Amino acid sequence: MNNKYLFLVSFFICMIHLVYSEIDGEDKIQAPEFKEMYKKMLLEKRKAQHEAAKRIADLGNKKKENEMLKVVINKLFETLKSSLENLAKKNKNNDNKLRIDKDSIEDVSSVIENCAFASDLALRFPKFFHKVYDKNKNWQFTLETAISITLQSKLADETSEKAIYLMSQELDIIKKEPNYSNPFSPEKIVEEPLPMKETKKKKEKKKRGPGLSGGKLEF
């Protein structure tokens, strides 16, 4: 899994530079073609991140899960910190306005990817994430800055932005909405099987006469 993930990271970076080089004009990063292609590549990267988070959840051993999360989250924040420091150096003369060009796109991309991955981990493993995050002021500053840059860049896809928005509420970075709900909360998991009971009842009625076949629910 690690080798596959590293391959995807390298491939993703190479593709960014390839797409960038093929677009004409000085302000290439703002070109619709680049943004569209970038979001498509990001979706592929996000699939690998979803798979990585799911593999941790499927370990079936709480101790191993926590050990793996500790390693992954520490590495995530180390990467975010490094990328943000690089961006700060490259943008020091831009009056705190994010500038995205061929020299900064790699670091911006790193921030977007890791910010999105943080949302997967914070929502899927909220108890552990709160435990290590809530008492770490440096991480709080790092993640809030990463969220700001991700949203300013306008390069993240809609699904990733939604996950980051949910994470911001889960971690109390912003005020929770009245109807806020973590999609991976135990309550959600408990509620999911309920519709199946209705389907079962419909199947029982089918014995008395002709009827419609049961449907499949997807979440």
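The chain exposes an accessible surface of about 14700 Å², and 54% of that belongs to carbon and sulfur atoms (Shrake-Rupley areas with a 1.4 Å probe; for residues, only the protein chains shown count as cover). Keep in mind that this is a predicted model: local features need pLDDT of at least 70, side-chain atom pairs count only at pLDDT 80 or more, and totals for chains, interfaces and linings use all residues. Residues are numbered from 1 along each chain as its sequence is written, and side-chain values use heavy atoms, with hydrogens and water left out.

On the fold side, you get nine helices and zero strands (DSSP runs numbered from the N terminus: H or I of at least four residues for helices, E of at least two for strands). Of the 219 residues, 38% are buried (under 20% relative accessible area, with a 1.4 Å probe and protein chains only). Among contacts with a separation of 6 or more, 71% join residues 24 or more positions apart (contact means heavy atoms within 4.5 Å).

Now the rings. There are four aromatic pairs (Phe, Tyr and six-membered Trp rings with centres within 6.5 Å; planes under 30 degrees apart are stacked, over 60 edge-to-face, the rest tilted). Two of them are tabulated here.

| Pair | Centres | Planes | Type |
|---|---|---|---|
| Phe77 and Trp139 | 4.3 Å | 0° | stacked |
| Phe129 and Tyr133 | 5.8 Å | 40° | tilted |

The Phe77 and Trp139 pair bridges helix H3 (residues 62-90) and helix H6 (residues 137-153), 62 residues apart, and both residues are buried. Phe129 and Tyr133 sit about one helical turn apart because they are four residues apart in helix H5 (residues 126-133). Phe129 is buried at 1% relative accessible area, and Tyr133 is buried at 2%. Ring pairs tie Phe77, Phe129, Tyr133 and Trp139 into a cluster.

Technical notes. Buried means under 20% relative accessible area, exposed over 50%, partly exposed in between (1.4 Å probe, protein chains only).
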